[in-house]
Amino acid sequence: MTRRIAPGGAVLGSLLLCGCSAVGTPEPACRPLEVAELPALGALRGAWIDNERFVVTDLHQSRLLVYDTSKGLEQIVHGWDTEDVNLSYRWPMDIRPWGRGFVLVDLPSRPPARLLELDGKLRPVRVAWHGDNERIDGGLEGTEVTNVFELAVLGDSLFLQAERPTSESLPGRVYVELGTRHGSGRDDRVLAELAAWPGFEGERDSPGMVLSHLAAVGRGAGSVFALRYSNAPFIQELAGEGRSLNAFPKLPAPLPTLPQASSSDRSANNAAIEASSYPAGLYADEDSLYVLIRDATAQRPAWDLHRIDPEQDEVVGKLRLPTNAVHVNLLPGRRFWVLEESGSGVDTFRTPTRLLLLSSAAIRAGEVPSCD
């Protein structure tokens, strides 16, 4: 049974809830982040640099944007701004903390996909991994994954949501773990595929609306989970036997049957998505998983964040986010969660309209007031 996590009643609990100290002006649990520039496309992928700064990919413009939670846009890093042309990147898809720096998914104009290791200042230092795919008549040839869309990191291991070439005309969905082998020196470190979880029939096309499939919980002995589809959505642990959780939020309406989207006209597909209720993403904070559910049963969409305890396999809380945006994506952090609001994508691409900063303590307590 779902239970609501009530905020503490004590003064200390209230102070912790709003993320402030007993001295000074209390920090609001929700506030807009005043920024001079936003990514061109509404699909927030990023990483926290520290408790105050975060970086997001700007896929359409080949760059990374660094924001400060107090100052707004702090830095722009262009993909071609590197001394080694072989380390430049064109389509930065996702970025995560890794080692002493970061790892970046790069989708070049021609296969294979690559993972670039960046230092702490977001400068590319080496190609950490690349696929073996080659383009041939009628598709791709190769055994390794291609079209890497998303990353999760746990220790030295990288978990990818990707595709693998098949005998069919379209590549198949797959989730893969890449692990490291350490040699005598830093440059001898090699990433190799350790495990794979093939997609279910139709899984590649059935969601059509999920922006975040992967989430890592805990540290050290933590784990990685994936939001998956096989007739119905569920959460699978990408470890060991790949157990599936029984816990999943109740959907406000049946999942939509999406029309087949073509590369030339996706308006019908996008219109169906924007009229529907569906799981929009999987996220993690500390030892909890969170499923973002879009509820389109009223005049304006509502967004509910359902908290799941993966160890107990139980839904333990529900939080309605302070937004009615057409599309929403999230970036969890220790102090703040970033909430990206985006407009309609029926006639054009989803365009970000605003970034909100939500108190992480308030989310854990189950109460976030309106930002407006």
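Does Asp313 count as buried, partly exposed or exposed, and what is its relative accessibility? In this predicted model, Asp313 has a relative accessibility of 22% and counts as partly exposed. The cut-off for a buried residue is under 20%. Asp313 sits in the loop between E21 and strand E22 (314-320). Its phi is near 55 degrees, a positive value in a residue other than glycine.

Leu122 also has a positive phi, near 70 degrees, and is likewise not a glycine. Most residues other than glycine have a negative phi. Leu122 belongs to the loop that links strand E8 (114-118) and strand E9 (124-130). With a relative accessible area of 3%, Leu122 is buried.

The protein as a whole contains three helices and 25 strands. Half of the chain is buried: 50% of the 372 residues fall in that class. Among contacts with a separation of 6 or more, 47% join residues 24 or more positions apart.

The largest nonpolar core has 25 residues. Those that touch the most other members are Leu292, Leu305, Leu321, Leu330, Trp337, Leu358 and Ile363. At least two residues each come from E19, strand E20 (288-295), strand E21 (302-309), E23, strand E24 (336-342), strand E25 (352-359) and helix H3 (360-365). E19 supplies the largest share, three residues. Leu330 illustrates the packing. Leaving out residues up to four places away in sequence, Leu330 touches Leu44, Tyr283, Leu292, Leu305, Leu321, Trp337, Val338 and Leu339. A second core, separate from this one, has 20 residues. Met93, Val103, Ala128 and Trp129 are among them.

Helix H2 spans residues 267-274. Its buried residues include Asn269, Asn270, Ile273 and Glu274. These residues lie on the same side of H2, because they cover an arc of only 130 degrees around the axis. The buried residues of H2 pack against E19, E20 and E23. E19, E20 and E23 each also give at least two residues to the largest nonpolar core.

Open and enclosed spaces were then examined. The second largest pocket has a volume of about 1200 Å³. Its lining has 41 residues, of which Arg96, Pro97, Val153, Ala216 and Pro332 are the closest to the centre. Two or more lining residues come from each of strand E2 (46-48), strand E6 (92-98), strand E12 (146-154), strand E16 (214-217), strand E19 (278-285) and strand E23 (327-331). E12 gives the most, five residues. By class, the lining of this pocket has 23 nonpolar, nine polar and nine charged residues.

The structure also holds two cavities of 30 Å³ or more. The second largest cavity encloses about 40 Å³ of space. Met209, Leu211, Tyr278, Ala280, Trp303, His327, Val328 and Arg350 line this cavity. Six of these lining residues are nonpolar, one is polar and one is charged. E19 and E23 each contribute at least two residues to the cavity lining. Both strands also give two or more residues to the lining of the second largest pocket. E19 and E23 thus recur across the pocket lining, the cavity lining, the largest nonpolar core and the packing of H2.

Key. Residues are numbered from 1 along each chain as its sequence is written. This is a predicted model: local features need pLDDT of at least 70, side-chain atom pairs count only at pLDDT 80 or more; totals for chains, interfaces and linings use all residues. Side-chain values use heavy atoms; hydrogens and water are left out. On a 1 Å grid over the protein atoms alone, a cavity is a set of points where a 1.4 Å probe fits but cannot get out, and a pocket is an open set with protein on both sides within 12 Å along at least five of seven lines; lining residues have an atom within 4 Å of a point. Grid points are joined across faces, edges and corners, and a volume is the space filled by probe spheres set on the points. Helices (H or I, at least four residues) and strands (E, at least two) are DSSP runs, numbered from the N terminus. Ala, Val, Leu, Ile, Met, Phe, Trp, Tyr, Cys and Pro count as nonpolar, Asp, Glu, Lys and Arg as charged, and the others, Gly among them, as polar. A nonpolar core is a set of buried Ala, Val, Leu, Ile, Met, Phe, Trp, Tyr and Cys residues joined through side-chain atoms within 4.5 Å. Buried means under 20% relative accessible area, exposed over 50%, partly exposed in between (1.4 Å probe, protein chains only). Contact means heavy atoms within 4.5 Å. The arc is that of the directions from the helix axis to the C-beta atoms.
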